[in-house]
Amino acid sequence: MTIRVLIADDQMMVREGFSVLLNAMPDIEVVGEAVNGRQAVERVRELAPDVVLMDIRMPELNGIEATREIVAADGAAKVLVLTTFDLDEYVYQALRAGASGFLLKDASARQLADGVRVVAAGEALLAPSVTRRLITEFSKLSDTPRLSPTALAAYGDLTERETEVLVLIAQGLSNLEIAGRLVVAESTVKTHVSRILVKLGLRDRTQAAVFAYEARLVTPG
């Protein structure tokens, strides 16, 4: 199945460069481009892409707000944020808004294509070591948002094992790695992850990781 991609960036060279790289892949097709966040939201509605490559700093509507609107529309599109710096506070805000992961703009063609495939497949915690470092860094700040009463109530519905799996997700472990740590089948871990997402009303693993840090289930460091 071909993965349909929309590229949202206000720099023409970035859009054209990524389009060339991705269209060269047999399983990926760039179906459209957007020059700002508002246009990105509109193009997602029109084209129904599987993945949106979203720049954060754009005119009219920035990538964070555009991501929030796209996710709120409850479509199938997954947002992959593009950034120049891996410890960019705006990336953390984008993850909280519903982005499924992020890539540095200087990523290689292979990293770009692999990132699109990973996010499209639902393995949303892209580049766990980098994403974990970013979330950890900003969870140290005193103004890091804490969970709402509703979120805390949902957390209380998790079983002890589900809480354990949630912590391991936040630490950047894959399903296979979690299975090895807990000495259970990978299919069992997948079941736990699915139940966690449903109980907490979360979109994907990245949102689960953000939830775990904001619930202070994982100690920054």
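User: Is Arg 117 buried, partly exposed or exposed?
Analyst: This is a predicted model. The relative accessibility of Arg 117 comes to 27%. Buried means under 20% and exposed means over 50%. At 27%, Arg 117 is therefore partly exposed.

User: With which residue does Arg 117 form a salt bridge, the closest N and O atoms being 3.0 Å apart?
Analyst: The partner lies in helix α5, as Arg 117 does. The two are three residues apart, about one turn of the helix. The partner is partly exposed, with a relative accessible area of 32%. The residue is Asp 114.

User: Which residues are linked with Asp 114 and Arg 117 in a network of salt bridges?
Analyst: The count for the structure comes to 11 salt bridges. The network takes in Asp 114 and Arg 117. Linked with them are Asp 27 and Arg 110.

User: How many residues apart in sequence are the parts that Lys 105 and Asp 9 tie together?
Analyst: The side chains of Lys 105 and Asp 9 meet in a salt bridge, at 3.0 Å from N to O. Lys 105 lies in the loop between β5 and α5, and Asp 9 in the loop between β1 and α1, so the parts tied together are far along the chain by count: 96 residues.

User: What is the relative accessible area of Asp 9?
Analyst: Its salt-bridge partner Lys 105 counts as partly exposed, at 21% relative accessibility. Asp 9 is buried. Its relative accessible area is 0%.

User: Which residue forms a salt bridge with Arg 15?
Analyst: Arg 15 sits in helix α1, and its partner in strand β2, 18 residues apart. Arg 15 is buried, at 9% relative accessible area. The partner is partly exposed, at 29%. With closest N and O atoms 3.1 Å apart, the partner is Glu 33.

User: Is the pair formed by the rings of Tyr 155 and Phe 211 stacked, edge-to-face or tilted?
Analyst: A search of the whole structure finds one aromatic pair. The ring centres of Tyr 155 and Phe 211 are 6.4 Å apart, and their planes stand at 50 degrees. Under 30 degrees counts as stacked and over 60 as edge-to-face. At 50 degrees, the pair is therefore tilted.

User: In which helix does Phe 211 lie?
Analyst: Phe 211 counts as buried, at 6% relative accessibility. Tyr 155 is partly exposed, at 25%. Tyr 155 lies in helix α7, and the pair ties together parts 56 residues apart in sequence. Phe 211 lies in helix α11.

User: Which residue just after α4 takes a positive phi?
Analyst: The buried residues of helix α4 include Val 91, Tyr 92 and Ala 97. Just after α4, phi is about 125 degrees at Gly 98.

Methods. Residues numbered from 1 in each chain as written. Predicted model: local features only at pLDDT ≥ 70, side-chain atom pairs only at ≥ 80, totals over all residues. Heavy atoms only, no water. Phe/Tyr/Trp six-rings, centres within 6.5 Å; stacked < 30°, edge-to-face > 60°. Helix = DSSP H or I, 4+ residues; strand = E, 2+ residues; numbered from the N terminus. Buried < 20%, exposed > 50% of the residue type's maximum accessible area, 1.4 Å probe, protein only. Salt bridge = Lys/Arg side-chain N within 4 Å of Asp/Glu carboxyl O.
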